[in-house]
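Please open the model in your viewer and keep the selection tool at hand. This tour proposes one selection after another and tells you what there is to look at each time.

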Amino acid sequence: MRNRGVSTLLLLFFFFFFSINLVPSALAIWLTVPATGTKCVSEEIQHNVVVLADYVVIPSDHSQNPTLAVKVTSPYGNNLHHKENTTHGNIAFTTQEAGNYLACFWVDSHNQIVGEVNVNLDWRIGIAAKDWDSVARKEKIEGVELELRKLEGAVEAIHENLLYLKGREAEMRIVSEKTNARVAWFSIMSLGICITVSGLQLWYLKRFFQKKKLI
């Protein structure tokens, strides 16, 4: 019985560890945007994932109220969110491509400020972006049942992430095999060229010495 209890605790720890590392979660970021320049953050997100984000400017000096320009782009450069002259806003989209999504912030050119601007970015993806309060009200569930639904969503997110990682690993393996094959063919061609050039050099030197009647 004791061994079974230990095994159960290890299994729960294993599941908790993978839940933290594999389930998309909320991420609060404190950004420092320079007065001249751009500050960007990026995250690799898979296909068909809901992304929600809130950002707000935290003024360090009450006498100044700086505004920002914000732009979010997909891995292929599609514009997902673009707003200027703002101090706060919301970002919401569903990913159509897998890859690195980029969110960039910069101070509007008409702001006459000296120093840096602080921005609080609350970035949520996947299951963390789901409104569980609305789900609970709509389906009239609460307590343990709601927690089980959250756990079910976490398990589904883990499964999707494992499939995504498996697909990426397969792609990398194919690329690695193609690269190794090309390197092997290049090595064989290089060796063949070296042997051919060496043979031609020996043939030329032999003819040269024969003409000079040295051999």
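## Start in the core

Begin, in this predicted model, by selecting I45, Y55, L68, F105, V119, L121 and W123, which are the residues that touch the most other members within the largest nonpolar core, a set of 23 residues. To see where the members of this core come from, colour the strands β1 (26-33), β2, β3, β4, β6 (88-94), β7 and β8, each of which supplies at least two residues. The largest share, five residues, comes from β8. As general background, nonpolar side chains in soluble globular proteins tend to be buried together.

## Step back to the whole chain

Now clear the selection and show the chain as a cartoon, in which you can look for three helices and eight strands. If you follow the chain along its sequence, these elements come in the pattern α-β-β-β-β-β-β-β-β-α-α. Should you colour the chain by accessibility, keep in mind that buried residues make up 27% of its 215 residues.

## Select a ring pair in the core

Which kind of aromatic pair do Y55 and F105 form? Select these two residues and show their side chains: the pair is edge-to-face, with 5.8 Å from centre to centre and 75 degrees between the planes. Y55 belongs to strand β3 (residues 50-58) and F105 to strand β7, so this pair ties together parts of the chain that lie 50 residues apart in sequence. Both Y55 and F105 are buried, and both also appear among the core residues that touch the most other members.

The structure holds three aromatic pairs, and another one to select is that of F208 and F209, which is likewise described as edge-to-face, with 5.7 Å between the centres and 65 degrees between the planes. Here F208 is partly exposed, with a relative accessible area of 37%, and F209 also counts as partly exposed, at 32% relative accessibility.

## Select the open sheet

Next, select β2, β7, β4 and β5, four strands that form an open sheet in the order β2-β7-β4-β5 with antiparallel pairing. The strands at its edges are β2 (38-45) and β5 (79-86), each of which pairs on one side only. If you turn the view to compare the directions of neighbouring strands in this sheet, the average angle between them is 10 degrees when direction is ignored.

Stay with strand β4 (residues 68-73), which pairs with β5 in the antiparallel sense over five bridges. One place to zoom in is K71, whose bridge partner in β5 is H82. Then move to the hairpin of β4 and β5, where five residues lie between the strands and G77 takes a positive phi near 85 degrees.

## Select the disulfide

How many disulfides does a search of the whole structure find? The search finds one, and to see it you should select C40 and C104, whose sulfur atoms are 2.0 Å apart. The link of C40 and C104 is right-handed, with 110 degrees about the S-S bond. Since C40 lies in strand β2 and C104 in strand β7 (residues 99-107), the disulfide ties together parts that are 64 residues apart in sequence. The two cysteines can be compared by their accessibility: C40 counts as partly exposed at 35%, whereas C104 is buried, with a relative accessible area of 12%.

## Select a loop glycine

Now look for G126, which is found in the loop between β8 (117-125) and α2 (132-139). With a relative accessible area of 23%, G126 is partly exposed. Add T94 to the selection and draw a distance between the two C-alpha atoms: G126 and T94 are 32 residues apart along the chain, and these atoms are separated by 9.5 Å.

## End with the annotated segment

Finally, select residues 183-205, where the unreviewed UniProt entry places the feature "transmembrane region". Is this stretch helix or strand in the model? Over these residues the chain is 100% helix and 0% strand, and the C-alpha atoms at the two ends are 33 Å apart. Within this numbered range you can pick out C194, which is partly exposed, with a relative accessible area of 48%.

Key
Residues are numbered from 1 along each chain as its sequence is written. This is a predicted model: local features need pLDDT of at least 70, side-chain atom pairs count only at pLDDT 80 or more; totals for chains, interfaces and linings use all residues. Side-chain values use heavy atoms; hydrogens and water are left out. UniProt positions are given in the numbering used here, feature names are shortened, and annotations may be inferred rather than shown by experiment. Two strands pair if DSSP finds at least two bridges between them. Axes are lines fitted to C-alpha atoms, for helices over the stretch in contact, and angles run from 0 to 180 degrees between N-to-C directions. A disulfide is a pair of cysteine sulfur atoms within 2.5 Å. Buried means under 20% relative accessible area, exposed over 50%, partly exposed in between (1.4 Å probe, protein chains only). Rings of Phe, Tyr and Trp (its six-membered ring) pair if their centres lie within 6.5 Å; planes under 30 degrees apart count as stacked, over 60 as edge-to-face and the rest as tilted. A nonpolar core is a set of buried Ala, Val, Leu, Ile, Met, Phe, Trp, Tyr and Cys residues joined through side-chain atoms within 4.5 Å.
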